[in-house]
Amino acid sequence: MHAPPVSATCLPIGSDADLAQVRQHVRRIAADLGFGLVQQTKLVTAVSELARNTLVHGGGGHMEIIRLEECGVRRGLRLSFVDAGPGIRDIDLAMTDGYTSGDGLGLGLSGARRLVQEFVLDSHPGRGTTVTITDWVSGVPSPRTGTP
Amino acid sequence: MKVAEYDTTPEVARELGAFLERRREQIAQRWADTALFRTVFTVSRDEAVEAGKAVLDALAEVARTGRLEDSGAPGFAAVREQLGRMAAARSRAGLGPSRIAGEVAGLREPAVALLRADLEDAAGEHTHACALALTVLMGTLRLVVMETTVGAGGELIARQRQQLLEMATPVIELWEGVVAVPLIGTLDSARTQVVMESLLEAIVDQRARYAILDITGVPTVDTFVAQHLMKTVAAARLMGAECIVSGIRPAIAQTIVHLGIDLGTITTRAGLADALAYALTGQGIVVSPPPRAGAGPR
């Protein structure tokens with residue numbers, strides 16, 4: 001990516017209370033950057049899904065927040081969810097609507113991908129999973145890029 | 001817990017205890033004028049003096065037992081509650097922990113001044129040892145106060161968490177046979193469980209045929225929340241009640257569609273009023289403006 005990171009912060013994901021903290025933090029920053037209400041809601045929902053995955057499947061981890069600014073052209077938010085859990089063996093299967101390894105609806109990962117503009121999943125069995133999502137403040141709808 | 005390592009001989013500790021007992025009245029009088037006592041005991045100055053005496057009795061007791069650095073010394077037990085109340089009162093007045101600690105530390109000065117006046121003719125070294133012992137003791141007192149405030153903070157959090165659980169579940173009877181729960185805030189596993197239980201209980205108690213779950217106050221509806229809603233709807237259905245989910249805002253609706261959640265099997269309405277209208281119609285109740293004043297629908 002050519003956008004220089006402006007600032008990076010890190011929040012722990014280790015409990016139910018942390019999930020609420022993470023959601024509120026992202027909502028605040030997104031509003032601050034000028035995201036519209038619908039985009040805010042989508043982003044925060046994606047964050048909620050991915051953070052819960054980090055907690056439930058990854059055994060806890062953290063979220064990295066990077067504000068992106070492209071020389072005044074566009075502003076965005078890049079969020080990474082990092083865990084050191086068992087990892088995902090079959091990424092294609094995990095990304096399938098309705099597939100779940102737990103007792104959820106099986107829509108968290110695939111749904112989160114549909115809620116944001118860029119979505120990158122990086123997982124190594126036995127070493128952990130990192131999901132990175134990026135959303136840009138959009139006046140006009142921007143093309144969706146970055147399929148996993 | 002210990003403050004620091006000072007070597008205080010038993011003789012010095014005993015002398016300190018005797019001094020605190022002897023000068024009990026004078027020190028308490030001076031303490032009554034400090035911000036800590038003055039602002040907590042506002043009714044009368046005598047009250048502040050009495051409170052100061054109680055603290056001094058405790059300090060004298062601790063000094064006599066020689067456990068100057070031990071915040072767990074039995075002598076403190078008698079005033080622990082009082083100190084906690086005082087710290088809580090200062091905290092309510094908007095003071096942070098460091099300011100409260102500073103005010104407690106401020107109690108040392110008047111006591112040390114009296115001690116030095118008492119021992120003016122004693123050898124310099126002895127006076128110094130006594131003043132040091134008193135300083136250590138006052139440091140321990142500060143620690144005791146801080147311990148009570150930390151404990152009070154923990155209690156407060158636990159109590160508020162309990163209150164929050166109860167607040168999450170006001171099940172309201174909107175009409176005969178129609179109950180509603182306005183869901184508010186974050187739905188974590190503990191709260192969702194309480195909500196589901198009280199709704200199902202209300203369905204039995206009120207013999208409700210319709211149950212409305214209003215999610216106007218829920219900021220984020222993710223798959224976890226959606227799944228919980230579906231489970232609640234299914235459970236209510238098993239008990240013979242139809243569930244209506246209301247308060248779905250435009251942004252939430254779009255998000256649910258993108259997530260791919262199928263709420264097709266659930267009756268949903270945009271607002272609580274629409275949900276109530278649906279429930280009334282389902283029971284064959286028609287709400288129309290009264291023909292004359294005083295003749296309401298019920």
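Here are some notes on this predicted model of chains A and B, point by point.

1. Confidence in chain A. Before leaning on any detail, it helps to know how sure the predictor is. Chain A has a mean pLDDT of 86, with 89% of its residues at 70 or more. Among the elements of this chain, strand β5 of chain A (residues 128–136) has the highest mean, 94, while the lowest, 79, belongs to strand β1 of chain A (residues 5–13).

2. The make-up of chain A. You will find four helices and five strands here. Read from the N terminus, the elements follow the order β-α-α-β-β-α-α-β-β. Chain A has 148 residues, and 39% of them count as buried. Taking contacts in chain A between residues at least 6 apart in sequence, 66% link residues at least 24 apart.

3. The make-up of chain B. This chain has 12 helices and five strands. Of its 298 residues, 35% are buried. For contacts in chain B between residues at least 6 apart in sequence, 72% bring together residues at least 24 apart.

4. Where the chains touch. Chain A puts 21 residues into the contact, and chain B puts in 17. On the chain A side, the elements that supply two or more residues are α1 (16–33), α2 (37–56) and α4 (108–115) of chain A. The top contributor to that side is α2(A), with nine residues. By character, the chain A side splits into seven nonpolar, seven polar and seven charged residues.

5. The largest nonpolar core. As a general background, nonpolar side chains in soluble globular proteins tend to be buried together. In this model the largest nonpolar core has 65 residues. Those with the most contacts inside this core come from both chains: Leu43(A), Val47(A) and Ala51(A), along with Ala211(B), Ile212(B) and Leu213(B). Helix α2(A) gives the most to the core, with seven residues. So which helix is worth a look both here and at the contact with chain B? That is α2(A), which gives the most to the core and also the most to the side of chain A that touches chain B.

6. Around Ala211(B). Setting aside neighbours within four places in sequence, Ala211(B) is in contact with Val179(B), Leu199(B), Ile203(B), Ala236(B), Ala241(B) and Cys243(B). Apart from the core of Ala211(B) there is another, of 43 residues, which includes Ala13(B), Ile27(B), Leu56(B) and Cys130(B).

7. One face of a helix in chain B. Which residues of α2(B) are buried? In this helix (residues 24–31), they are Ile27(B), Ala28(B) and Trp31(B). Looking down the axis of α2(B), the buried residues stay within an arc of 100 degrees, so they line one face of the helix. The spacing fits a general rule: an α-helix has 3.6 residues a turn, so residues three or four places apart point the same way. Among the elements covering the buried residues of α2(B) are α3 (35–40), α4 (45–65) and α7 (108–118) of chain B.

8. A closer look at Val79(B). This residue sits in helix α5 of chain B (residues 77–92). Why does Val79(B) count as buried? Because Val79(B) has 22 C-beta neighbours inside 10 Å, and 20 or more are needed for a residue to be called buried. Leaving out neighbours within four places in sequence, Val79(B) makes contact with Ala54(B), Val55(B) and Ala58(B). From Val79(B) to Gly52(B) the C-alpha to C-alpha distance is 10.0 Å, with their positions 27 residues apart in sequence.

Methods: Residues numbered from 1 in each chain as written. Chains lettered and ligands numbered in written order. Predicted model: local features only at pLDDT ≥ 70, side-chain atom pairs only at ≥ 80, totals over all residues. pLDDT = per-residue confidence, 0-100. Contact = placed C-beta atoms within 7 Å. Nonpolar A, V, L, I, M, F, W, Y, C, P; charged D, E, K, R; others polar. Buried ≥ 20, exposed ≤ 12 C-beta atoms within 10 Å, placed from the backbone. Arc of directions from axis to C-beta. Core = buried A, V, L, I, M, F, W, Y, C linked by C-beta atoms within 7 Å.
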